Amino acid sequence: MTEIDVNKLANAKAKGKRPYFFDDPAVERVLSITMAVATELAVTRERLDTVERLLEDGVPVTKANIDSYRPDDDAAQERQQWHADYISRILRIVHQELEAIENESLNEDSEKLADKYAAA
Amino acid sequence: MANTLPPTFDRTGRHALTPAVDHDELARFNFLTNLNVHLGQQVSPGNRSAYEKRVKPAFKKAAGRDPETRQDLRKAMRNDPYYQFWAALRRNTMEQRQQSGRHVVLRQLDDLIGKAKSFNDGKDTLKIDGQMKVPRYLARVDNHCMPGSYYTEVVADDILAGANYETGLFVTTAGSMSSKGDGGGRAIVNFVKKSFADFKPKRILDLGAGIGVNTLPLADAFPEAEVFAVDAGAPMVRWGHARAQAMGYDNVKFIHADGDNLDFEHGSFDWIQTTMFWHETSTTAIQSMMKKMFDLLAPGGLFLNVEQPNFKPDTPLYDQFTRDWDAWYNNEPFWSKLHVMDVFELVKNAGFDPRKLFDGGTEADIEQGQFQPWSSTLSRHKHELKDSGDVKHNQYKGERWYLYGGWK
Ligand SMILES: C[S@@+](CC[C@H](N)C(=O)[O-])C[C@H]1O[C@@H](n2cnc3c(N)ncnc32)[C@H](O)[C@@H]1O
């Protein structure tokens, strides 16, 4: 048995200076942690889905049964749809930003709106 | 196509060596695959709006001219908050994929090494060169954010790089390479069978074959041929050989070697193949290795390469910028150099007759099951092939590929 530090090796950094895209790299570090947590929630949710399906089928909910569970085509489709919906929910702000870029009329400043349309 | 969903990770092909994946690991791969799909299909296209609506006008205002080079464009985009978000998410997803794939393999490393050894030990179809010097350019870069690259050995008889490559391929390509990850190899076979129906190679060399995912379809297509998969990464070669044996291939030899320093007879191959190889090598290495490949080919032999098509004078700046992205931000620096090279010049300079060169595009063999409708919906090569002009895109056909090469 070779002694290795699994977590340390799994986390190893790739060579080369890491590019940070945000003006403040601290924001990106927090985003990275947020996405990791979001990943783990999705993992837990998929596990919960498996537990529900095992219960529904009257299969004992054991760790072994959870690990060996394989969704049939319909279940797989439903679970992938859940991921797609979930990702869409957590990235809402990004999509709204894009809408604002593409549609100027969504960008009017509320503070100026009352004056601008006073006579409307 | 916003509603097309990728297959789940459990649909990928299995063999005797496939790492065990527990429920949570599987779910993590599913999430990351879906995230890749979302970023590719729904977030990335917005970069273009950001460019047209605000980055380009702002550049023009400041510089008094339009962006003229892809470098101009890249610098200007770096300041855009929408692009920043997409790029940060994309980079981070890649890092997460590496971490999760490595963790799966590392937690069962001893077991996997033992299994690989049971397929590898005593076989004359595997050659590992303990003295091989890792090419300098390869040693400088951890390609696509893969810590330790293809060649690093964490323990004796290591297979980590190879097993991680196979495990994560589905996530990286969002399932678009088919269940065995061999979409490229099957596309090559389709092209060769269709274009050169009489071609019956007896000895085939696949240079930079990695774990041989795309080599095995060549062995399928020409079962009588002796097939050599050569790679500079020992963990790739060990894993690739064990995997091929586990899958029942006994006509494929796996050789650990530097392509610039091969120990084969002059003129001893009928077909030399490279698949997504040259973009990870340096300019000097390309020039030198192409000459060596010319030398290794028998007269009448085929030299065939699969890559992204290079930029043409009329490739729009914005497309150049997106296609260069991996070079700068996914640790693929040599790609940017290759993008602006003339591949025909390279092949000619290696010794090939200019009249015997060709290029073309091809579609992957279509696979049944859930991979069928999916296999091409997310293709990083798709828009590039549209550029190359000679293949019409059909979104229900497999991944499309660009090939070029020549006959000796
Ligand atoms: C992107 S991978 C492509 C793998 C494979 N052709 C496929 O389609 O999956 C590039 C491979 O080239 C190998 N490589 C890079 N430089 C090499 C060299 N000088 N000699 C042999 N292999 C090399 C790397 O180790 C890596 O496995």
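1. Contact, as the word is used in this note, means heavy atoms within 4.5 Å. The structure under review is a predicted model, and the points below move from chain B as a whole to its helices, individual residues and the ligand.

2. On the overall make-up of chain B: the chain holds 16 helices and eight strands. Of its 408 residues, 63% are buried. Its accessible surface amounts to about 15,600 Å², and carbon and sulfur atoms supply 50% of that surface. Among contacts in chain B with a separation of 6 or more, 80% are between residues 24 or more positions apart.

3. Helix 3 of chain B, residues 70-77, is mostly covered, with six of its eight residues buried. The buried residues are R70(B), D72(B), L73(B), R74(B), A76(B) and M77(B). Which elements cover them? The cover includes helix 2 (46-63), helix 4, helix 12 (317-329) and helix 13 (333-339) of chain B.

4. Helix 4 of chain B, which is part of that cover, comprises 26 residues, 81-106. Because a helix rises 1.5 Å a residue, an span of 38 Å is expected here, and the 37 Å between the end C-alpha atoms agrees with that value. This helix is also mostly covered, since 21 of its 26 residues are buried. At its start, a side-chain oxygen of D80(B) comes to within 3.0 Å of the backbone nitrogen of Y82(B).

5. R91(B) deserves separate mention within helix 4 of chain B. Is R91(B) buried or exposed? Its relative accessible area is 3%, which is under the 20% cut-off, so R91(B) counts as buried. The side chain of R91(B) makes a polar contact of 2.9 Å with the side chain of E95(B). An α-helix has 3.6 residues a turn, so residues three or four places apart point the same way. Neighbours within four places in sequence aside, R91(B) is in contact with R18(A), P19(A) and F21(A) of chain A, and with C145(B), W325(B), Y329(B), N330(B) and N331(B) of chain B.

6. Helix 8 of chain B gives a second check of helix geometry. For its 13 residues, 183-195, the expected span at 1.5 Å a residue is 18 Å, and the end C-alpha atoms are 18 Å apart, which agrees. Its buried residues are G183(B), G184(B), G185(B), R186(B), A187(B), I188(B), V189(B), F191(B) and V192(B).

7. Two loop residues call for a look at their backbone angles. Most residues other than glycine have a negative phi. S149(B), however, has a phi near 55°, a positive value, and M276(B) likewise has a positive phi, near 50°. S149(B) sits in the loop between helix 6 (136-140) and helix 7 (160-172) of chain B, whereas M276(B) belongs to the loop between strand 5 (269-275) and helix 11 of chain B. With a relative accessible area of 2%, S149(B) is buried; M276(B), at 25%, is partly exposed.

8. T283(B) lies in helix 11 of chain B, which covers residues 283-296. Its relative accessible area of 29% falls between the cut-offs of 20% and 50%, and therefore T283(B) is partly exposed. Apart from neighbours within four places in sequence, T283(B) is in contact with K337(B) and M341(B). The C-alpha atoms of T283(B) and G40(B) are 30 Å apart in space, and the two residues are 243 residues apart in sequence.

9. Around the ligand there are 22 residues, of which Y137(B), G208(B), N214(B), D231(B) and G259(B) come nearest. How does this shell divide by residue type? It contains 13 nonpolar, six polar and three charged residues.

10. As to polar atoms at the ligand, a polar side-chain atom of Y165(B) is 3.2 Å from one of the ligand's oxygen atoms. A polar backbone atom of A232(B) is 3.1 Å from a ligand nitrogen atom, and a polar side-chain atom of D258(B) is 2.9 Å from a nitrogen atom of the ligand. How much of the ligand's accessible area does the protein cover? On its own the ligand has 600 Å² of accessible area, and the protein covers 98% of it.

Technical notes: Residues are numbered from 1 along each chain as its sequence is written. Chains are lettered from A and ligands numbered from 1 in the order in which they are written. This is a predicted model: local features need pLDDT of at least 70, side-chain atom pairs count only at pLDDT 80 or more; totals for chains, interfaces and linings use all residues. Side-chain values use heavy atoms; hydrogens and water are left out. Helices (H or I, at least four residues) and strands (E, at least two) are DSSP runs, numbered from the N terminus. The expected span of a helix is 1.5 Å times one less than its number of residues. Buried means under 20% relative accessible area, exposed over 50%, partly exposed in between (1.4 Å probe, protein chains only). A polar contact is a pair of N or O atoms within 3.5 Å; within protein, one must be able to donate a hydrogen and the other to accept it, and residues adjacent in sequence count only if both atoms are side-chain atoms. A residue is near a molecule or strand if one of its heavy atoms lies within 4 Å of it. Accessible areas come from the Shrake-Rupley method with a 1.4 Å probe; for residues, only the protein chains shown count as cover. Ala, Val, Leu, Ile, Met, Phe, Trp, Tyr, Cys and Pro count as nonpolar, Asp, Glu, Lys and Arg as charged, and the others, Gly among them, as polar.
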